[in-house]
Amino acid sequence: MKKAISVGLGVLGMLAAAGAMAADMGIMVMNPWVREAPPTARALAGYMVVMNHADKERTLVGASSPSFGEVMLHRTVMEEGMAKMVHQHAIAIPAGGEVTFEPNGYHIMLMQPKQAFKAGDAIEVSLQFQNGEVLTVTHEVRPGAGMAMDHSHHH
């Protein structure tokens with residue numbers, strides 16, 4: 001059975017929804033955000049902390065967003081002194097643990113934007129777990145840090 005749970009941007013709303021998520025799924029998402037990019041950017045990166053309060057490992061297997069043509073789970077790795085993004089087919093969230101999606105690490109690659117996004121905008125991203133559950137999280141668009149990103153994809 002698929003269950004969809006939505007997380008809003010408001011701190012109180014987010015904490016209330018997160019409490020419901022922890023009780024229902026065991027998964028809580030904190031600090032979801034997307035780096036602002038130039039209006040002509042063909043890809044943006046999403047970040048967050050995914051916490052698993054359950055007593056068994058959970059596996060994130062995909063993501064989607066109505067605002068993008070394609071969404072993938074990625075990880076930045078260093079190869080021969082160069083940072084490269086590698087598609088991740090699954091990311092294990094350990095029981096009682098967490099996985100941080102951050103610059104130069106795991107991230108959500110949001111490709112083929114259907115509009116330009118600026119700081120302050122909100123982007124809904126649905127996270128798909130191996131057991132069929134779906135968690136919809138609202139990511140806040142934040143000003144970019146001016147970091148160059150290698151947008152070559154290695155699958």
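Is Arg42 buried or exposed? Arg42 is exposed, at 71% relative accessible area. The views below come from a predicted model.

**Figure 1. Overview of the protein chain.** The predicted model has one helix and 12 strands in its protein chain. In sequence order the elements read β-α-β-β-β-β-β-β-β-β-β-β-β. The chain has 155 residues, and 45% of them count as buried. Of the contacts between residues at least 6 apart in sequence, 67% join residues at least 24 apart.

**Figure 2. Arg42 and the residues it touches.** Arg42 sits in the loop that connects strand E2 (27-35) with strand E3 (43-52). Residues up to four places away in sequence aside, Arg42 is in contact with Leu110, Met111, Gln112 and Pro113. One of these, Met111, is 69 residues from Arg42 along the chain, and the two C-alpha atoms are 5.9 Å apart. Arg42 counts as exposed because its relative accessible area of 71% is over the 50% cut-off.

**Figure 3. Arg35 in strand E2.** Strand E2 contains Arg35. This residue is buried and has no salt bridge. Its nearest side chain of opposite charge belongs to Glu36, at 9.8 Å. The side chain of Arg35 does make a polar contact with that of Tyr47, at 3.2 Å. Tyr47 is in turn a member of a separate nonpolar core of eight residues, shown in Figure 4.

**Figure 4. The nonpolar cores.** The largest nonpolar core holds 27 residues. The members that touch the most other members are Val29, Ile91, Phe101, Ile108, Leu110 and Leu127. Strand E10, residues 122-129, gives the most to this core, contributing four residues. A second core, separate from this one, has eight residues, among them Trp33, Ala43, Tyr47 and Met72.

**Figure 5. The surroundings of Ile108.** Which residues is Ile108 in contact with, leaving aside its neighbours within four places in sequence? They are Leu44, Ala45, Gly46, Met48, Ala63, Val71, Met72, Leu73, Phe101, Val125, Leu127 and His139. Two of these, Phe101 and Leu127, are listed with Ile108 among the members of the largest core that touch the most others. Met72, another contact of Ile108, belongs to the second core.

**Figure 6. Strand E8 and its pairing with E3.** Strand E8 spans residues 98-101. Val99 and Phe101 form its covered face, while Glu98 and Thr100 form the uncovered one. E8 runs antiparallel to E3, and four bridges join the two strands. One bridge partner pair consists of Met51 and, in E8, Glu98.

**Figure 7. Salt bridges.** Four salt bridges are found in the whole structure; the views here include the following.

- Glu79 and Lys84 meet through their side chains, with an N to O distance of 4.0 Å. Glu79 is partly exposed, at 40% relative accessible area.
- Lys118 and Asp121 form a salt bridge at 3.6 Å, N to O. Lys118 is exposed, with a relative accessible area of 52%. Asp121 counts as buried because its relative accessibility is 18%, under the 20% cut-off.
- Glu140 and Arg142 form a salt bridge whose closest N and O atoms are 3.5 Å apart. Glu140 is partly exposed at 30% relative accessibility, and Arg142 is partly exposed at 25%.

Technical notes:
Residues numbered from 1 in each chain as written. Predicted model: local features only at pLDDT ≥ 70, side-chain atom pairs only at ≥ 80, totals over all residues. Heavy atoms only, no water. Core = buried A, V, L, I, M, F, W, Y, C linked by side-chain atoms within 4.5 Å. Buried < 20%, exposed > 50% of the residue type's maximum accessible area, 1.4 Å probe, protein only. Contact = heavy atoms within 4.5 Å. Pairing = 2+ DSSP bridges. Lys, Arg positive; Asp, Glu negative; His and termini not counted. Polar contact = N/O pair within 3.5 Å; in protein donor to acceptor, adjacent residues only side chain to side chain.
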